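Work through the exercises below with the sequence and the model side by side. Try each task before reading its solution.

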Amino acid sequence: ASLMVQQSFAAMSDPASSRVLDPSCGAGIFLVLTFRRLIRERWLRDGERPKTAIIQEILYQQIRGFDISESALRLAALALYITAIELNGSPRPPPALKFPRDLRA
């Protein structure tokens, strides 16, 4: 998954604005790695660590995953939520980190 993410982003002209689709996401490892990379690319482009609103924008607008297993989708969503909290830059999740809607919407 890591190699696929590296190769995919290497071919993009504007990696910070790219959108990613994983048609069989399983537990979400590709999505999590891609999410981390999108945060990194946005940080490099903007010159500052992405704040909560940008992290959520990336999460809801630039990443999509599908799977036939409801359990896998729940696990992928959990992994993405945890990653968003981790990448927020705060040692403790602030109240502003509440997610506006379910990722499965």
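The exercises go from the whole chain to single residues and then to a pocket.

The model is predicted, so local features need pLDDT of at least 70 and side-chain atom pairs count only at pLDDT 80 or more, while totals for chains, interfaces and linings use all residues. Residues are numbered from 1 along each chain as its sequence is written, and side-chain values use heavy atoms, with hydrogens and water left out.

**Exercise 1. The chain as a whole**

Task: Give the order of helices and strands along the sequence, and state how the radius of gyration compares with the globule rule.

Solution.
- Step 1. Helices (H or I, at least four residues) and strands (E, at least two) are taken as DSSP runs, numbered from the N terminus. The chain has four helices and two strands.
- Step 2. Along the sequence their pattern is α-β-α-α-β-α.
- Step 3. The radius of gyration, taken over C-alpha atoms, is set against a globule rule of 2.2 Å times the number of residues to the power 0.38. The chain has a value of 13 Å, close to the 13 Å that the rule gives for 105 residues, so it is as compact as a globular protein of that length.
- Step 4. The C-alpha trace spans about 40 × 35 × 20 Å along its principal axes.

**Exercise 2. Burial and contacts over the chain**

Task: Find what share of the residues is buried and what share of the contacts with a separation of 6 or more joins residues 24 or more positions apart.

Solution.
- Step 1. Buried means under 20% relative accessible area, exposed over 50%, and partly exposed in between (1.4 Å probe, protein chains only). By this scale 37% of the 105 residues are buried.
- Step 2. Accessible areas come from the Shrake-Rupley method with a 1.4 Å probe; for residues, only the protein chains shown count as cover. The accessible surface of the chain is about 6500 Å², and carbon and sulfur atoms hold 58% of this area.
- Step 3. A contact means heavy atoms within 4.5 Å. Among contacts with a separation of 6 or more, 71% are between residues 24 or more positions apart.

**Exercise 3. Three buried residues**

Task: Place Leu59, Arg37 and Pro15 in the secondary structure, and list what each touches beyond four places in sequence.

Solution.
- Step 1. Leu59 sits in helix α3 (residues 52-61). Its relative accessible area is 1%, so Leu59 is buried. The contacts of Leu59 beyond four places in sequence are Phe35, Leu80, Ala84, Phe99 and Leu103.
- Step 2. Arg37 belongs to helix α2 (residues 29-46). Arg37 counts as buried because its relative accessibility is 17%. With residues up to four places away set aside, Arg37 touches Val5, Gln6 and Phe9.
- Step 3. Pro15 is in the loop between α1 and β1 (20-22). A relative accessible area of 16% makes Pro15 buried. Phe9, Leu38 and Glu41 are touched by Pro15, again not counting residues up to four places away. The C-alpha atoms of Pro15 and Arg45 are 9.2 Å apart, with their positions 30 residues apart along the chain.

**Exercise 4. Two further residues**

Task: Is Gln7 buried or exposed, and to which class does Ile85 belong?

Solution.
- Step 1. Gln7 is placed in helix α1 (residues 2-10). Gln7 is exposed, because its relative accessible area is 51%.
- Step 2. Ile85 is part of helix α4. At a relative accessible area of 32%, Ile85 is partly exposed.

**Exercise 5. The largest pocket**

Task: Describe the volume and the lining of the largest pocket.

Solution.
- Step 1. On a 1 Å grid over the protein atoms alone, a pocket is an open set of points where a 1.4 Å probe fits, with protein on both sides within 12 Å along at least five of seven lines; lining residues have an atom within 4 Å of a point. The largest pocket holds about 300 Å³ of space.
- Step 2. The lining has 15 residues, and the closest to the pocket centre are Arg64, Gly65, Leu73, Leu103 and Arg104.
- Step 3. β2 (63-65) and α4 (70-87) each supply at least two lining residues, and α4 gives the most, with four.
- Step 4. By type, the lining has 11 nonpolar residues, one polar and three charged. Here Ala, Val, Leu, Ile, Met, Phe, Trp, Tyr, Cys and Pro count as nonpolar, Asp, Glu, Lys and Arg as charged, and the others, Gly among them, as polar.

Conventions. Grid points are joined across faces, edges and corners, and a volume is the space filled by probe spheres set on the points.
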